[in-house]
Amino acid sequence: MKDKMHSGIVAPVGIWWTDIPKQEKIWITIAFVWCLILFAMMPFWHIKGGQNPTGIRGKVTAQDYYERTERFVEDYKIGEENGIPVVEPPPGSDVYLLGRMWQWYPVLKLKKGKEYILHMSSPDVNHGFSLHPMNINFQVVPGYDYALRVEPKEAGDFRIICNEFCGIGHHMMVGKILVVD
Ligand SMILES: [Cu+2]
């Protein structure tokens with residue numbers, strides 16, 4: 001019994017110490033090189049990927065952001081859809097979007113190929129801004145005004161879906177951005 005036991009000092013019985021077979025060495029090498037490639041991709045993608053938005057961030061109270069959004073709506077409102085104002089801001093302007101339980105407010109009408117500064121905030125809990133059918137995802141965080149420079153490249157009717165669970169009405173939290181030529 002005693003000589004069958006092994007520890008850090010007593011070697012186990014068997015041939016575990018023989019050389020690694022060639023095939024295994026090849027696979028270890030392939031896996032290691034792949035690890036290095038993936039590791040290098042992280043900084044590479046950060047610089048070249050074009051997926052890091054140049055966000056403009058600032059603290060804001062729920063009340064201030066709400067009032068700012070209301071002013072924006074009053075200034076550029078062109079209609080209404082299911083009780084939610086449809087707002088068409090001039091190109092180049094600051095656009096205010098409010099993500100709240102459980103709606104995206106207001107509906108935005110933007111022009112294709114023009115730049116806007118899209119502000120987002122929430123007065124209550126975290127929401128997730130995800131634009132369909134594009135693959136765009138952002139966190140909408142209470143207390144923060146997070147703005148992005150956006151330039152719609154395609155005309156169409158886009159849906160904003162909340163992808164951060166925010167309560168009982170979460171699944172109904174669908175907003176709209178219209179992009180016109
Ligand atoms: Cu939600």
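Which residues of α2 are buried? That was my opening query today, on what is a predicted model.

**Entry 1: helix α2**

I looked up the list and got Tyr-65, Thr-69 and Phe-72 as the buried residues of α2. I then checked how they sit around the axis: they cover an arc of only 60°, which puts them on the same side of α2. I went to the other side of the helix next and found Gln-63, Asp-64, Glu-67, Arg-71, Glu-74 and Asp-75 exposed.

I wanted to know what lies over the buried residues. The cover includes β3 (84-87), β4 (94-100), β5 (103-105), β7 (116-121) and β10 (144-150).

I also checked the helix length. α2 runs over residues 62-76, and at 1.5 Å a residue its 15 residues should span 21 Å; the end C-alpha atoms are 21 Å apart, so the two agree.

**Entry 2: the whole chain**

I stepped back to the full chain. I count two helices and twelve strands, and reading along the sequence I get α-β-α-β-β-β-β-β-β-β-β-β-β-β.

Then the overall dimensions. The radius of gyration is 27 Å, whereas a compact globule of 181 residues would come out near 16 Å. The C-alpha atoms fill a box of roughly 85 × 35 × 30 Å along the principal axes.

Burial over the chain: 19% of the 181 residues are buried. I looked at contacts too, and among those with a separation of 6 or more, 55% are between residues 24 or more positions apart.

**Entry 3: the nonpolar core**

Which residues have the most contacts inside the largest nonpolar core? The core has 23 residues, and the ones I noted are Val-95, Tyr-96, Leu-97, Leu-108, Leu-118, Met-120 and Ile-177. I traced the core back to its elements: β4, β6 (107-111), β7, β10 and β11 (156-162) each give two or more residues. β4 gives the most, with four residues.

I followed up Ile-177 by itself. Setting aside neighbours within four places in sequence, Ile-177 is in contact with Leu-108, Leu-110, Phe-158 and Ile-160.

**Entry 4: strand β7 and its partners**

β7 came up in the α2 cover and again in the core, and I gave this strand its own entry. Five of its six residues are buried, so β7 is largely enclosed by the rest of the structure.

Which way does β7 run beside β4, parallel or antiparallel? The two run parallel, joined by five bridges. Here I picked out Leu-97, whose bridge partner in β7 is Met-120. Both residues are on my list of core residues with the most contacts.

With β10 the pairing of β7 is antiparallel, over five bridges. The pair I noted there is Leu-118 with Leu-148, the latter in β10.

**Entry 5: Phe-129**

Last lookup of the day was Phe-129, which lies in strand β8 (residues 127-132). Is this residue buried or exposed? I find 23 C-beta neighbours inside 10 Å, so Phe-129 counts as buried.

Not counting residues up to four places away in sequence, Phe-129 touches Gly-99, Met-120, Asn-137, Phe-138, Val-140 and Ile-160. I took the spacing for one of these: Phe-129 and Val-140 are eleven residues apart in sequence, and their C-alpha atoms are 6.5 Å apart in space. Met-120 is a familiar name from the β7 entry, as the bridge partner of Leu-97, and Ile-160 from the contacts of Ile-177.

Key. Residues numbered from 1 in each chain as written. Predicted model: local features only at pLDDT ≥ 70, side-chain atom pairs only at ≥ 80, totals over all residues. Expected span 1.5 Å × (residues − 1). Buried ≥ 20, exposed ≤ 12 C-beta atoms within 10 Å, placed from the backbone. Arc of directions from axis to C-beta. Contact = placed C-beta atoms within 7 Å. Core = buried A, V, L, I, M, F, W, Y, C linked by C-beta atoms within 7 Å. Rg over C-alpha atoms; globule rule 2.2 N^0.38 Å. Pairing = 2+ DSSP bridges.
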